[in-house]
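Grab a pencil and work through these exercises with the structure open beside you. Try each task on your own before you read the solution.

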Amino acid sequence: MALKLAKPEPPMAPPPEDSRGRNPELEERLRWFPPNTHITIRGLDKAFGDTTIYEGFDLNIPRGKITSVFGPNGCGKSTLINMISGLIPYDGGEILFDGKSLSETHISYVFQNYREALFPWMRAIDNIHYPLKLMGVPAAERKRRVDALIESFDVPIDFNAYPYQLSGGQMQTICIMRALVVDPEVLFLDEPFSALDYEMTLLMRDRLQKIFQERGTTMMMVSHNLEDAVWLADHILLLTRKPTRIADMVAFEADRPRTATTVSDPEFVRVQKHCLEIFLKEASVR
Ligand SMILES: Nc1ncnc2c1ncn2[C@@H]1O[C@H](COP(=O)(O)OP(=O)(O)OP(=O)(O)O)[C@@H](O)[C@H]1O
Ligand SMILES: [Mg+2]
């Protein structure tokens, strides 16, 4: 199979659809994500009652890349990452990580609702330590890993504070650090910035990028915000309305580290515009 299939060539006009609304050219392109597929999804089915969300859904998620998931309200973005990460069951199909099952794979998840995600009776630092404790990592090694992460994040947070003493952005930072401290093979994030103000969002996406550059963790991030989705991503997975299909998988290949001004680079503007055009075809707002 041809390696050139990995990247769409500019200009990125959407490939043609057939009469059933499928997109054979895109499906062929996505069938194989060379050279480095991490998560393989084949024939995934999911319904809630009579409502079909996914039917025969195929997707390849590349290793060591950030894939953003963007699509209309209620199309099944959370459902998708929740199925992949094992939080909810699926009705049919197969999801493999490097050919392995989820139980043989080390994953982490950052929930949208950070207020309920931290243990309120534990100081921030103890929240970060907690998963390592569960894994039985010795205290000295735990301290080494947590200290290294704190140094790398370099955020102005009192790690001895309890969650109720922290701002929303600080709490979400602790959640992200707690997810990263175990050094997962895959990190799932469901709208990690949705409750943060703009300044905190810029800080958090910068820190996520920094960790990504240091570790190369495969990340899959749902975002409601197209700017965040494109800024962090190597690929933006655009979903259709229900029953949900892939509308496009768009590459954004700007060098890292990306900065706050990346959003005004011509390539960023081009990719964001393309994503917006695809999104508007699917969304109820035109
Ligand atoms: N447990 C459930 N029971 C019934 N329907 C559900 C359940 N969870 C999700 N749904 C429905 O499935 C669809 C997809 O939900 P999901 O939360 O995955 O969408 P989403 O794309 O993440 O939406 P949003 O943009 O609002 O975050 C929605 O129509 C939702 O109402
Ligand atoms: Mg959601």
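Among contacts in the protein between residues at least 6 apart in sequence, 74% join residues at least 24 apart. Keep in mind that this is a predicted model. It has 8 helices and 9 strands, and buried residues make up 34% of its 286 residues.

**Exercise 1. A strand on the inside**

Task: Work out how many residues of strand E3 (residues 66-70) are buried, and what that says about the strand.

Solution:
- Start with one face of E3: Ile 66, Ser 68 and Phe 70 are buried there.
- Now flip to the other side, where Thr 67 and Val 69 are buried too, so both faces are covered.
- The tally is 5 of the 5 residues, so E3 is largely enclosed by the rest of the structure.
- Next, look for its partners. E3 pairs in the parallel sense with strand E7 (residues 218-222), over 4 bridges, and Thr 67 stands opposite Met 220 of E7.
- Strand E8 (residues 235-239) also pairs with E3 in the parallel sense, again over 4 bridges. Here Phe 70 stands opposite Leu 238.

**Exercise 2. Edges of a sheet**

Task: Find the order of the strands in the open sheet of 3 strands, and say which strands stand at the edges.

Solution:
- A reminder to begin with: strands of a sheet pair through backbone hydrogen bonds, either parallel or antiparallel.
- In this sheet the order is E2-E1-E4, and the pairing is antiparallel.
- Strand E2 (51-62) and strand E4 (92-97) each have a single partner strand, so they stand at the edges and one side of each has no neighbour in the sheet.
- From one strand to the next, the twist averages 15 degrees.
- Zoom in on strand E1 (residues 37-48) and E2: they run antiparallel and are joined by 8 bridges. One of the pairs is Phe 48 with Thr 51 of E2.
- Helix H2 lies across E1, E2 and E4, at about 120 degrees to E1.

**Exercise 3. Around the ligand**

Task: List the residues that surround ligand 1 and sort them by class.

Solution:
- Walk around the ligand and you meet Phe 48, Ile 53, Asn 73, Gly 74, Cys 75, Gly 76, Lys 77, Ser 78 and Thr 79.
- Sorted by class, that gives 3 nonpolar, 5 polar and 1 charged residues.
- Which helix gives the largest share of this shell? That is helix H2 (residues 77-84), with 3 residues.

**Exercise 4. Two helices side by side**

Task: Describe how helix H5 (residues 168-180) and helix H6 (residues 198-215) are placed relative to each other.

Solution:
- The two axes come within 11 Å and cross at roughly 10 degrees.
- Angles under 35 degrees count as roughly parallel, therefore H5 and H6 are roughly parallel to each other.
- From H5, the contact uses Gly 169, Gln 172, Thr 173, Ile 176 and Leu 180, while H6 brings Met 200, Met 204, Leu 208 and Ile 211.
- These residues divide into 6 nonpolar, 3 polar and no charged.

**Exercise 5. Buried or exposed?**

Task: Decide whether Leu 132, Asp 98 and Glu 191 are buried, exposed or partly exposed.

Solution:
- You need the cut-offs: 20 or more other C-beta atoms within 10 Å means buried, 12 or fewer means exposed, and in between is partly exposed.
- Leu 132, in helix H3 (residues 124-134), has 20 such neighbours, so Leu 132 is buried. Setting aside neighbours within four places in sequence, Leu 132 is in contact with Val 137, Arg 142, Arg 145, Val 181 and Val 182. The cover over the buried residues of H3 includes helix H4 (139-153) and H5.
- Asp 98 has 12, so Asp 98 is exposed. You'll find Asp 98 in the loop between E4 and strand E5 (107-110).
- Glu 191 has 19, so Glu 191 counts as partly exposed. Glu 191 sits in the loop between strand E6 (186-190) and H6.
- Bonus: check phi while you're there. Phi is positive in Asp 98, near 60 degrees, and in Glu 191, near 45 degrees.

**Exercise 6. Spot the cis bonds**

Task: Check omega for the bonds from Lys 242 to Pro 243 and from Arg 256 to Pro 257.

Solution:
- For Lys 242 to Pro 243, omega is near -15 degrees and the bond is cis. Pro 243 lies in the loop between E8 and strand E9 (246-251).
- For Arg 256 to Pro 257, omega is near 0 degrees, and this bond is cis. Pro 257 is in the loop between E9 and helix H8 (266-282).

Terms used: Residues are numbered from 1 along each chain as its sequence is written. Chains are lettered from A and ligands numbered from 1 in the order in which they are written. This is a predicted model: local features need pLDDT of at least 70, side-chain atom pairs count only at pLDDT 80 or more; totals for chains, interfaces and linings use all residues. Two strands pair if DSSP finds at least two bridges between them. Two residues are in contact if their C-beta atoms, placed from the backbone, lie within 7 Å. Axes are lines fitted to C-alpha atoms, for helices over the stretch in contact, and angles run from 0 to 180 degrees between N-to-C directions. Angles under 35 degrees count as roughly parallel, over 145 as roughly antiparallel, 65 to 115 as roughly perpendicular and the rest as oblique. Ala, Val, Leu, Ile, Met, Phe, Trp, Tyr, Cys and Pro count as nonpolar, Asp, Glu, Lys and Arg as charged, and the others, Gly among them, as polar. A residue is near a molecule or strand if its C-beta atom, placed from the backbone, lies within 6 Å of it.
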